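Subject: Structure for you to look at

Dear colleague,

I am handing over the structure we talked about, and you will find the sequence and the coordinates just below. Please have it open while you read my notes.

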Amino acid sequence: MTTKRLSIQRYLPEQRKTPFRQEFDVPFDDSTSILEALNHIKEEIDGSLSYRWSCRMAICGSCGMMVNDEPKLGCKSFLREYPGTIKIEPLAHFPVQKDLIIDMEIFLEHLAAVQPYLINDSGESTETHRQTPAQLAKYLKFSDCINCGLCYSACPQFGLNPEFLGPAALTLAHRYNLDSRDQGKQQRMPQLNREEGVWTCTFVGYCSEVCPKSVDPAAAVNQGKVESAKDLLISLFKR
Amino acid sequence: MTKHVGYVPEMKRNWWLKNRYFMAYMAREATVLPLVFFIGCLLAGLYCLLQGQESWLTWLEFMQNPLTIAVNLLAFVASLFHAWTFFQLFPRVMPLRVGGRAIPAKWIILGQWCGVLLVMVLFAWIFGRGV
Ligand code: SF4
Ligand code: FES
């Protein structure tokens with residue numbers, strides 16, 4: 001079995017104030033993912049290495065990290081894809097707590113702000129809400145988000161201003177606004193209309209490039225701009 | 001536990017040199033620079049026209065300066081490049097549907113280019129007649 005070198009950014013606040021780099025050689029074959037390589041280091045070489053993971057099948061969204069400067073899921077990236085030393089860092093634009101573990105608080109706050117759930121006060125709560133395939137098709141793509149936060153690390157606007165609601169939260173807002181069973185659009189629009197809502201986005205588009213689930217958040221955010229413009233126009237005439 | 005333990009990485013000024021997506025984005029944004037020059041030329045032309053024959057002739061001379069022509073050519077290429085990137089993005093911002101079916105992005109992009117061609121032909125026809 002051949003080995004590959006991983007250059008990992010370590011941050012151990014109880015030992016040093018600043019992050020540093022540490023290199024590890026790990027054995028690998030064609031099926032070894034970055035996450036497995038980290039597991040190998042933790043089990044065999046250095047137990048102090050910290051990172052998050054859970055499902056190891058690109059579903060839970062916990063294992064996001066920068067691999068050679070690109071936001072990636074550790075479990076969905078493989079050592080075979082990278083020639084030479086692989087550079088591993090925590091997800092960009094987030095505060096770092098320890099090694100590869102970032103503080104996702106602000107991301108979760110942004111998610112909560114857009115009320116990402118069905119809001120529907122009509123009818124009995126036990127009633128099933130019917131939906132046609134055509135109605136489903138309108139938002140289906142945007143519902144695949146696993147809240148991994150990779151798009152936030154790809155978004156320079158979020159990096160410059162963490163108050164920006166950001167790609168995933170705005171995508172979720174749009175996803176529920178498009179849902180025929182939902183009636184919460186009026187409650188969500190003030191969030192989209194804010195300066196830190198859709199209008200902070202300048203359509204860099206890299207978020208859609210890195211999304212491991214092909215959600216296309218850039219498209220959702222910019223469709224949100226159209227909705228926001230419509231909303232502002234309607235409110236002008238209503239006065 | 002306090003909020004934001006640890007350190008917050010900073011974004012450097014040259015963040016956009018980090019990868020080609022950011023560079024392409026910056027190129028798209030930069031197309032505005034030669035276009036501002038072009039608009040400046042147009043406004044100056046209008047102003048000179050109002051000032052009388054002499055200043056109009058000075059403006060004409062300025063417009064024939066090879067450097068002016070070069071920057072304006074650059075503005076033309078930049079606007080085409082911007083249009084190309086914009087047309088690419090448009091179907092994602094406004095996915096069009098006819099009878100419940102999504103129109104393929106390719107068609108929308110093609111439609112936009114047809115529009116550009118039409119406007120160019122129209123302009124050539126209007127301004128070409130006088131020559
Ligand atoms: S939109 Fe994509 S990249 Fe962003 S959090 Fe959701 S799954 Fe992750
Ligand atoms: S471990 Fe769940 S997405 Fe990677």
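What follows is a walk through chain A and then a few aromatic pairs in chain B.

Please keep in mind throughout that this is a predicted model, and that every value below was computed from it.

To begin with chain A as a whole, its secondary structure comes to nine helices and seven strands, and its C-alpha atoms fill a box of roughly 65 × 35 × 30 Å along the principal axes. Of its 239 residues, 52% count as buried. When one takes the contacts in chain A that have a separation of 6 or more, 66% of them are between residues 24 or more positions apart.

Met65(A), which lies in strand S3 of chain A, is a good place to start inside the chain. With a relative accessibility of 1%, Met65(A) counts as buried, because the cut-off for that class is under 20%. Once neighbours within four places in sequence are set aside, Met65(A) is in contact with eleven residues that I list here in full: Ile34(A), Leu38(A), Glu70(A), Pro71(A), Lys72(A), Gly74(A), Ile88(A), Glu89(A), Leu91(A), Leu100(A) and Leu150(A). The C-alpha atoms of Met65(A) and Leu35(A) lie 9.9 Å apart, with their positions 30 residues apart in sequence.

Ser153(A), found in helix H4 (residues 150-153) of chain A, is likewise buried, with a relative accessible area of 5%. Leaving aside neighbours within four places in sequence, Ser153(A) is in contact with Met66(A), Pro71(A), Leu91(A), Ala92(A), His93(A) and Phe94(A). Phe94(A) in turn belongs to an aromatic cluster that it forms with Phe107(A), Tyr152(A) and Phe158(A).

Two residues of chain A may catch your eye for their backbone. Ala58(A) is not a glycine, yet it has a positive phi of about 55°; Ala58(A) sits in the loop between helix H1 (34-45) and strand S3 (64-67) of chain A, and it counts as buried at 7% relative accessibility. Gln115(A), also not a glycine, has a positive phi of about 50°, and its place is the loop between helix H2 (105-113) and helix H3 (133-139) of chain A.

Next come two helix packings that share helix H7 of chain A. Helix H6 (residues 167-177) of chain A packs against helix H7 (residues 185-193) of chain A at an angle of about 155°, the axes being 10 Å apart. Since angles over 145 degrees count as roughly antiparallel, H6(A) and H7(A) are therefore roughly antiparallel to each other, and their crossing is left-handed. On the H6(A) side the contact is made by Leu170(A), Ala173(A), Tyr176(A) and Asn177(A), and on the H7(A) side by Lys185(A), Arg188(A), Met189(A) and Leu192(A). By character, the residues of this contact divide into five nonpolar, one polar and two charged.

H7(A) also packs against helix H9 (residues 217-238) of chain A, here at an angle of about 105° and with the axes 10 Å apart, which makes H7(A) roughly perpendicular to H9(A). In this contact Lys185(A), Gln186(A), Met189(A), Leu192(A) and Asn193(A) of H7(A) meet Gly224(A), Glu227(A), Ser228(A), Asp231(A) and Leu232(A) of H9(A). The residues of the contact between H7(A) and H9(A) divide into three nonpolar, four polar and three charged. Lys185(A), Met189(A) and Leu192(A) are named both in the contact with H6(A) and in the contact with H9(A).

Finally, the aromatic rings: the count comes to 14 aromatic pairs over all chains. In one of them, the rings of Phe81(B) and Trp84(B) have their centres 6.1 Å apart and their planes at 35°, so the pair is tilted. Both residues lie in helix H4 (residues 66-93) of chain B, where they are three residues apart, about one turn of the helix. Phe81(B) counts as partly exposed at 30% relative accessibility, and Trp84(B) counts as partly exposed at 44%.

Another pair is formed by Phe123(B) and Phe127(B), whose ring centres are 5.5 Å apart and whose planes stand at 45°, so that this pair is tilted as well. Phe123(B) and Phe127(B) are four residues apart in helix H5 (residues 105-128) of chain B and are thus separated by about one helical turn. Which of the two classes, partly exposed or exposed, applies to Phe127(B)? At 57% relative accessibility Phe127(B) counts as exposed, whereas Phe123(B), at 47%, counts as partly exposed.

With best regards

Note on methods:
Residues numbered from 1 in each chain as written. Chains lettered and ligands numbered in written order. Predicted model: local features only at pLDDT ≥ 70, side-chain atom pairs only at ≥ 80, totals over all residues. Heavy atoms only, no water. Axes fitted to C-alpha atoms, helices over the stretch in contact; angles between N-to-C directions. Parallel < 35°, antiparallel > 145°, perpendicular 65-115°, else oblique. Left-handed = near helix turned anticlockwise from the far one by under 90°. Contact = heavy atoms within 4.5 Å. Nonpolar A, V, L, I, M, F, W, Y, C, P; charged D, E, K, R; others polar. Phe/Tyr/Trp six-rings, centres within 6.5 Å; stacked < 30°, edge-to-face > 60°. Buried < 20%, exposed > 50% of the residue type's maximum accessible area, 1.4 Å probe, protein only.
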